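User: Could you walk me through reading a few features of a structure? I would like the general idea and then the actual case.

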Amino acid sequence: MMSIVIKTENVTKVFNPNLPNEVKAVTDISIEIENGEVVVLKGPSGSGKTTLLSLIGCMSRPTEGSIIVNGKDVARLPERFLTKIRQKTFGFVFQMFNLIKGVNVIENVMLPLYPTDAKLFVIKKRAEAILDKLDILKKRDFKTQSLSAGEQQRVAIARALINEPEIILADEPTAHLDTKLSEDLIKILRGLNEDRKTIIIATHDPFVYEKAFVHRIIEMRDGVIKNPTPQIIPYPENEVWDK
Amino acid sequence: MEKHKKILEYAISSILRRKYKNLAIIIVFSFMITILASILFLTHSLKMESLNLLLGSPQLIVQRVSGGRHDLIPINYIKRIQGIYGAGKITPRYWGYYYDSATDGNYTLMGVDKDMQGLRLLNGEMPSKNGECAIGKGVSSARFTGIGEKVYLIDSKEKVLAFNVVGVFTSISNILTNDLILLTKEDILGFFGMPSDKATDIVVEVYNEFETPFVASKIKEILPDTRPIMKSEIIRTYDALFSWRSGIALIMFLGALISFLILAWDKATGLSADEKQDIGILKAIGWETSDILELKFWEGLAISLTSFLTGLILAYVHVFFLGAWLFAPVLKGWSVIFPSFRFFPYINLYQVFAVLFLTVIPYVASTIIPSWKTAITDPDTVMRG
């Protein structure tokens, strides 16, 4: 039986509360995500999927409700505990890649492990191995801004994997990729899922959510879950993947 | 340890990434520190020069005042002073200032005194015969002359006299000897046209320095037309004078310093969008607030310490090698010392630490505080801008 790794209970997030520009980004969200699942948060821009992803990833706190990560309610934890959870549990792949400009590829990948006691050469070896796996090792000394969007995305994925997280959070991962690169990305994500990583993807790209490796789609609109009973897609069934 | 090493390395690479911005800050910051440190170095050096000069000077100098003006003092005053309890050896001094139109310089001409303290020759010997002289390094340079050559001076009767240089004084920085020309007593009397029963002033040794005020007041009582000047008074006057001048220079500089601090504060407190984004990313990928603060601390420290050391070295060169050409006119003031001399490098560690605390710490603080404000914000909020 699979265990629940993420559980949200009546989560609401309000930006700028009690101000004229108050925005209710998500309202009363309750979901459960099991270990090893691939879940897509689907919805148009402004539907609240990125906010929900941030809340799950402990990058912001809910205004109301609770978020349970591996059995621990993180919604009210002090910042230093949230940082530890982010560092040990999650790997983030951002829509805009969010790589540090002016820093080369390998250093960007190594950054999450800098504030640890791991030796530099150990981190470097691990980063090289991941870059090699993602077929981007040859660009290790390039500055990230000189890379193509697909290459930057791979670097971002490598950075997300360096701390060996159990959950990968990807926000619109194909937004800046063409079909071929999107295909490559799906392959990478699928490979990670085969390594028993839980993957949560926020996207409105059918190219992603129509893929067979997705177990579940949670559709969002205007900050609420649109499909009260989230769609379950059996895996693997409707597509055979080339590895 | 490994963690801190990696954060430090990343801090240095971050500085290099924004090299043009940081270079501009270092240049401006170094310039400010150069000026501040120059003022302090120069003031301290002048004070120390004066102090050293005065340490070797007598406890008490007695001048005669006529109509409120310094006048020659009769030698027979010595006998009357000798009777005062506590007064030791009493010596008349023969000296005067000489304006040299050829070099546009003021020299001090002094009659030789074999008991003269604090004067050391670099080369040669002291004048022992009429027609001989020993000169300061400054006079030697200004007149392009040295041992075995001559110095030509015009006396009080408009006669050009040639003196053989037999010695050159040591230490180019020494205020006392730099502009000095030492002649025999007879030559000095003849040169200035002074009567042989009068001297420029009288030096009184006091056995117990704590009794100096008493001896001074006694002299004033016995010889009402005299002005006894105690060494402690001169030291206090010099100290106050240079402190005052330094204060004036610092006030002039204060405006610039405040402008810079406002600029630095504004620069540092207003993190750029890129810097905020970087902090948000680092937080998102697992850096703690304390890690961010450590990173920013190293960045701030590296920039401010580089500026501090650069500023300090430039100030040292400016004051002790280039003669503090930027401030010398303000700090030397009326005491026009010709020919120009070089300051002896006296450094007061207290002042160095004062500059360090006035510059490095505010800069590091102004770098850390805004970063801390950003670092304690949710990474999602920071990255959304």
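User: How many salt bridges does the structure hold over all chains?

Analyst: Side chains of opposite charge can pair when their charged atoms come close. The rule used here asks for a side-chain nitrogen of Lys or Arg within 4 Å of a carboxyl oxygen of Asp or Glu. By that rule this predicted model holds 30 salt bridges over all chains. One of them joins A:Arg216 to A:Glu37, with the closest N and O atoms 2.7 Å apart. A:Arg216 lies in strand 9 (residues 216-221) of chain A and A:Glu37 in the loop between strand 2 and strand 3 (38-42), so the pair ties together parts that are 179 residues apart in sequence. Helices (H or I, at least four residues) and strands (E, at least two) are DSSP runs, numbered from the N terminus.

User: What conventions should I keep in mind?

Analyst: Residues are numbered from 1 along each chain as its sequence is written, while chains are lettered from A and ligands numbered from 1 in the order in which they are written. Local features need pLDDT of at least 70 and side-chain atom pairs pLDDT 80 or more, whereas totals for chains, interfaces and linings use all residues; side-chain values use heavy atoms, without hydrogens and water.

User: How many salt bridges are there between chain A and chain B?

Analyst: There are four, and A:Lys84 with B:Glu288 is a salt bridge at 2.6 Å, N to O. Helix 2 (79-89) of chain A is among the elements with at least two residues on the side that touches chain B, and with six residues helix 2 gives the most to that side.

User: Which residue classes make up that side of chain A?

Analyst: The side has 15 nonpolar, nine polar and 11 charged residues. Here Ala, Val, Leu, Ile, Met, Phe, Trp, Tyr, Cys and Pro count as nonpolar, Asp, Glu, Lys and Arg as charged, and the others, Gly among them, as polar.

User: How many residues does each chain bring to the contact?

Analyst: With contact meaning heavy atoms within 4.5 Å, chain A brings 35 residues and chain B 27. The buried area, which is the accessible area (1.4 Å probe) that two parts lose on being put together, summed over both, is about 2,600 Å², and carbon and sulfur atoms give 56% of it.
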